[in-house]
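Work through the exercises below with the sequence and the 3D view side by side. Try each task before reading its solution.

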Amino acid sequence: MINVTKTFFPPIEEYQEQLERVWKNQWLTNRGELLLELEEKVKKYLSVSNVIIMTNGTIPIQIALKILGKEGEIITTPFSYVATTSSIVWEHCKPVFVDIHPEYLTIDETKIEAAITPKTTAILATHVFGNPCNVEAIEAIAKKHNLKVIYDAAHCFGVTYKGKSIFDFGDVSTCSFHATKLFHTGEGGALFCNDADLNHKMYFSHNFGHNGPLAFHGLGVNGKTSELQAAMGLAVLPYIDDIIHSRKEAVEYYNANLDCGKLQMLKIRENASWNYSYYPILLESEAKLLEVQQALNEVDIYPRRYFYPSLNTIEFTKGQSMPISEDVASRVMCLPLYAGLVASELEQIVHTINNNLG
Ligand SMILES: *Cc1c(COP(=O)(O)O)cnc(C)c1O
C-alpha cells in the first residue's frame, strides 16, 4: 500500500537516548530541559528569533486569535485544513472568506480590501502546501486598515521567502509538528512572533497565564507539550535535511514525468524557497478526479483529497460563495509524498495517472 504520507521514524536507539535523559532528569513536562533544547535547535535551524513549542498546531492559532482577533471579523481563506476556520469560530470570531488565487491557491490579496468592515480585526491566511501568500501586499493592507496578520504556516517548516524564514512574516505565524507534517514531534506545534511584548503575551497564554507559581499575567490556557514529544523532535530534527532532500527528488520525478498538459500543478510564489511538503494536482473536473483516484486505489495507492471541501461550505460557516476555492477543492488531490518513496513506487503512481487522463 502507498499512502499519501508516511510518518518519518528516527532510529529507535536515538529516540531511546533522548528518553534516557528524561528518566535521568525525572522531569516529564512544564518546559523541561529537552523542550528548551528543542526550541533552541529549531530557532537555530530556521534562523528565527523566537519560538514557543506547543502541544499541537491548532492551539497557537487559537491563542493568536484570542489575543489579536478580539471576537471580531477575521478575513480568511476557504482553502485550508478545517483547523484554520474552526479556530476562528471556536474563538467566537466570525470568518469572512476571501477567495483564492487560481494558481498559487493562497488567499487572493486583491480581493481582501473589499471584505474589510469596521468589525474586521485580523487576517488569518494559510501558506497552503507551504506556498507563501503574497506577504508584502497583505502587510500593506493590514497597515493601511490597522489589522493584525496571523499566518497559519502549518505546512511551512523550512520555507523561506526572500531569504528569510516565512515564520518571520505577519504578527504571528503558527506551525504544526503533527506526525503527518514535514518535521514532527508526534503531536506538536509552534508559535512564532518577533515582537517581544506580543511574544510574551502568547507565552503566558500558553501556560495558564502564570507569572510565577502564585501570580498571573492574565487569562491563559494549557498549550504546553511534554518531554516525550520534545524527545521525538530532538530525534527527528537531525534528519530534516535528508527528509526534505528525499521529498525534493520525488517532486522532481513527478514534475518531469506526469502528463503536465492535462494537469495543473501548484505554482510556487516567486522568491520562495519551498519545502516540498505536498504534491497537489488539479484534474480537469471532479469526475476525472474520481476516475483517477479509483484507478490508483485499485492498485493500492491512496492519494488524499486535500483540501476538500471548500471551508465556506461546511456546516458551521455556510453562506458565502467562493467560486474559485469551490472549483479547486472539487478537483484537487495530493499525491503520495514522503521521505523514502522509492523509484518503482513513483513510476507506478505516474504511470497509473498518465494512463487515466485521456
Ligand atoms: C495540520 C494543520 C493544522 C493543525 O495542526 P495540528 O498540529 O494537527 O493541530 C492547522 N492548519 C493546517 C493548514 C494544517 O494542515
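**Exercise 1: A small sheet**

In this sheet, Thr 160 stands opposite Ser 165 in E8, and the coordinates come from a predicted model. Your task is to work out which strands pair and in what order they lie.

Solution. Begin with the pair of strands, for strand E7, residues 160-161, joins E8 in the antiparallel sense over two bridges. Next, widen the view to the open sheet, which has three strands in the order E8-E7-E14 and antiparallel pairing. Finally, look at the margins, where strand E8 (164-165) and strand E14 (272-273) are the edge strands, each pairing on one side only.

**Exercise 2: Cysteines without a partner**

Determine how many disulfides the whole structure has, and explain why Cys 175 and Cys 156 do not form a bond.

Solution. The search of the whole structure gives zero disulfides. For Cys 175, the closest cysteine sulfur is that of Cys 156, at 6.8 Å, and because a disulfide requires sulfur atoms within 2.5 Å, this separation is too far for a bond. Cys 260 is likewise in no disulfide, and the nearest cysteine sulfur, in Cys 334, is 16 Å away. As a last step, compare the surroundings: Cys 175 is buried, with a relative accessible area of 1%, whereas Cys 260 counts as partly exposed at 38% relative accessibility.

**Exercise 3: Around the ligand**

Find which residues are closest to the ligand, and then identify polar atoms of the protein that face an oxygen atom of the ligand.

Solution. Start with the surroundings, which consist of 13 residues, the closest being Thr 58, Asp 152, His 155, Ser 176 and Lys 181. Then take the contacts one at a time: a polar backbone atom of Gly 57 is 2.7 Å from an oxygen atom of the ligand. In the side chain of Thr 58, an N or O atom is 2.6 Å from a ligand oxygen, and in the side chain of Ser 176 such an atom is 2.7 Å from a ligand oxygen. To finish, consider the ligand's surface, for on its own the ligand has 380 Å² of accessible area, of which the protein covers 91%.

**Exercise 4: Charged pairs**

State how many salt bridges there are, and decide what parts of the chain are linked by Glu 33 and Arg 21.

Solution. The count comes to 14 salt bridges. In one of them Glu 33 meets Arg 21, with the closest N and O atoms 2.8 Å apart. This pair links distant parts of the chain, since Glu 33 lies in helix H2 (residues 33-46) and Arg 21 in helix H1 (residues 12-25), twelve residues apart. Both are partly exposed, Glu 33 with a relative accessible area of 42% and Arg 21 with 22%. Arg 21 and Glu 33 also belong to a network of salt bridges that includes Glu 37 and Lys 41.

A second salt bridge to examine joins the side chains of Lys 162 and Glu 136, at 2.9 Å from N to O. Lys 162 lies in the loop between E7 and E8, while Glu 136 is in helix H5 (residues 135-145), so the pair ties together parts that are 26 residues apart in sequence.

For contrast, turn to Asp 327 and Arg 331, whose side chains meet in a salt bridge of 3.0 Å, N to O. These two residues are four apart in helix H10 (residues 323-331), and therefore about one helical turn separates them. Asp 327 counts as partly exposed at 35% relative accessibility, but Arg 331 counts as buried at 14%.

Key. Residues are numbered from 1 along each chain as its sequence is written. This is a predicted model: local features need pLDDT of at least 70, side-chain atom pairs count only at pLDDT 80 or more; totals for chains, interfaces and linings use all residues. Side-chain values use heavy atoms; hydrogens and water are left out. Buried means under 20% relative accessible area, exposed over 50%, partly exposed in between (1.4 Å probe, protein chains only). Two strands pair if DSSP finds at least two bridges between them. A residue is near a molecule or strand if one of its heavy atoms lies within 4 Å of it. A polar contact is a pair of N or O atoms within 3.5 Å; within protein, one must be able to donate a hydrogen and the other to accept it, and residues adjacent in sequence count only if both atoms are side-chain atoms. Accessible areas come from the Shrake-Rupley method with a 1.4 Å probe; for residues, only the protein chains shown count as cover. A salt bridge is a side-chain nitrogen of Lys or Arg within 4 Å of a carboxyl oxygen of Asp or Glu.
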